[in-house]
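Here are my notes on the model, set out as numbered points for reading alongside the sequence and the coordinates. They begin with a single residue and widen from there.

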Amino acid sequence: RQMCIRDSLKPMVCDVSETLHEQMDEGRQFLFEGAQGSMLDIDHGTYPYVTSSNTVAGSACAGAGVGPEKLNYVLGITKAYCTRVGEGPFPTELLDETGELLRRKGNEFGAVTGRPRRCGWADGVLLRFSAMFNGFDEMAMTNLDGYDKCPEIKICTGYDLDGEILAYPPATVDEWERCKPVYETVPGWMQDISACRSWEEIPENARKFVKRMSELIGCPVTTVGVGPDREQTIAVK
């Protein structure tokens with residue numbers, strides 16, 4: 001079995017950087033996909049509650065062996081609400097029925113372990129910070145339907161750190177854990193949007209929420225997801 005696998009893989013072994021550059025020179029395009037969230041980045045995340053590597057967009061260059069000029073478009077992906085696995089600061093975390101509602105609606109449980117994810121309101125501070133150091137051109141927002149049963153939605157617009165309002169996260173995790181969210185409340189839409197297939201079908205309050213998030217992030221949200229299927233990914237107009 002091992003010999004069979006080796007023989008299958010051997011023809012595909014190559015210098016990845018060299019191959020990428022050769023094919024890029026021929027006009028071919030490539031998609032680099034990141035794993036794990038920006039706040040798990042070992043340099044820019046919630047250290048020490050991070051992973052062991054860089055998860056930001058720029059690390060695609062180092063990992064694949066291409067120069068930064070080769071990245072001509074960066075798409076950020078976020079949920080309409082905020083989630084986290086494991087320990088670490090989470091200013092907008094909801095430890096109530098609303099948090100459980102988001103968890104159940106979004107099936108926020110570990111794919112392997114089944115461990116429930118921590119859930120909370122949308123965090124404009126984190127998204128603004130992520131957009132800045134990743135250099136997002138646009139953002140895609142998934143799980144917009146997670147708010148379908150929320151009569152009102154809170155959006156974190158800043159952090160209150162000992163009376164000082166911050167637009168970006170503090171430098172240390174100790175300070176981060178002391179931060180209290182500054183909220184802006186917007187009305188919900190109280191209807192099932194999973195059947196929507198166009199931006200015009202999305203309820204007005206949901207469209208206003210997306211527009212407000214774009215303003216806070218400083219980066220346009222150009223697609224939204226209202227469910228897990230391809231057909232449930234909608235272009236924002």
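1. Arg128 is found in helix 5, and it should be said at the outset that the model in which this residue is placed is a predicted one. Arg128 counts as buried because its relative accessibility is 14%, which falls under the 20% limit for that class. Leaving aside neighbours within four places in sequence, Arg128 is in contact with Thr157, Ala167, Tyr168, Leu216 and Ile217. With Leu216 the separation is 88 residues in sequence, while the C-alpha atoms are 6.8 Å apart in space. Its contact with Tyr168 can be described further, since Arg128 lies over the face of that ring, at 6.0 Å from the ring centre.

2. Helix 5, which spans residues 124–134, also holds Phe129 and Phe133, four residues apart, or about one turn of the helix. These two residues form an edge-to-face aromatic pair, with 4.7 Å from centre to centre and 80° between the planes. Phe129 counts as buried because its relative accessibility is 15%.

3. Phe133 also appears among the contacts of Ser38, a residue placed in the loop between helix 2 and helix 3. Not counting residues up to four places away in sequence, Ser38 touches Gly45, Thr55, Ser130, Phe133 and Asn134. Ser38 counts as buried because its relative accessibility is 15%.

4. How many aromatic pairs does a search of the whole structure find? The search finds seven. One of them joins Tyr81 and Tyr147 edge-to-face, at 6.2 Å centre to centre and with 80° between the planes. This pair links distant parts of the chain, 66 residues apart, with Tyr81 in the loop between strand 1 (75–79) and strand 2 (82–84) and Tyr147 in the loop between strand 5 and strand 6 (152–161). Both Tyr81 and Tyr147 are buried. Ring pairs further link Tyr81 and Tyr147 with Trp121, Trp189 and Phe209 into a cluster.

5. Met213 is found in helix 7, residues 204–217, and is buried, with a relative accessible area of 0%. Which residues does Met213 touch, not counting those up to four places away in sequence? They are Ala122, Leu127, Met141 and Ile155. Met213 and Leu127 are 86 residues apart in sequence, yet their C-alpha atoms are 9.0 Å apart in space.

6. Three places deserve a look at the backbone geometry. Most residues other than glycine have a negative phi, and most peptide bonds are trans. A cis peptide bond, with omega about 10°, joins Tyr47 and Pro48, and Pro48 is placed in the loop between helix 2 (16–25) and helix 3 (59–64). Asn143, in the loop between strand 5 and strand 6, has a positive phi near 60°. Met190 likewise has a positive phi, of about 50°, although it is not a glycine, and its place is in the loop between strand 8 (180–187) and helix 7.

7. Asn143 returns in the description of the second largest pocket, which has a volume of about 350 Å³. Of the 19 residues that line this pocket, Thr142, Asn143, Gly227, Pro228 and Asp229 lie nearest its centre. Strand 5 (138–142) and strand 9 (221–225) each supply at least two residues of the lining. How do the lining residues divide into nonpolar, polar and charged? Five are nonpolar, nine are polar and five are charged.

8. For the structure as a whole, the secondary structure comes to seven helices and ten strands, and the C-alpha atoms fill a box of roughly 55 × 45 × 40 Å, taken along the principal axes. The protein has 237 residues, of which 38% count as buried. Among contacts between residues at least 6 apart in sequence, 68% join residues at least 24 apart. The contact of Arg128 with Leu216, across 88 residues of sequence, is one example of a link between residues at least 24 apart.

Notes:
Residues are numbered from 1 along each chain as its sequence is written. This is a predicted model: local features need pLDDT of at least 70, side-chain atom pairs count only at pLDDT 80 or more; totals for chains, interfaces and linings use all residues. Side-chain values use heavy atoms; hydrogens and water are left out. On a 1 Å grid over the protein atoms alone, a cavity is a set of points where a 1.4 Å probe fits but cannot get out, and a pocket is an open set with protein on both sides within 12 Å along at least five of seven lines; lining residues have an atom within 4 Å of a point. Grid points are joined across faces, edges and corners, and a volume is the space filled by probe spheres set on the points. Ala, Val, Leu, Ile, Met, Phe, Trp, Tyr, Cys and Pro count as nonpolar, Asp, Glu, Lys and Arg as charged, and the others, Gly among them, as polar. Rings of Phe, Tyr and Trp (its six-membered ring) pair if their centres lie within 6.5 Å; planes under 30 degrees apart count as stacked, over 60 as edge-to-face and the rest as tilted. Buried means under 20% relative accessible area, exposed over 50%, partly exposed in between (1.4 Å probe, protein chains only). A charge sits over a ring if NZ of Lys or CZ of Arg is within 6 Å of the ring centre and within 35 degrees of the ring normal. Contact means heavy atoms within 4.5 Å.
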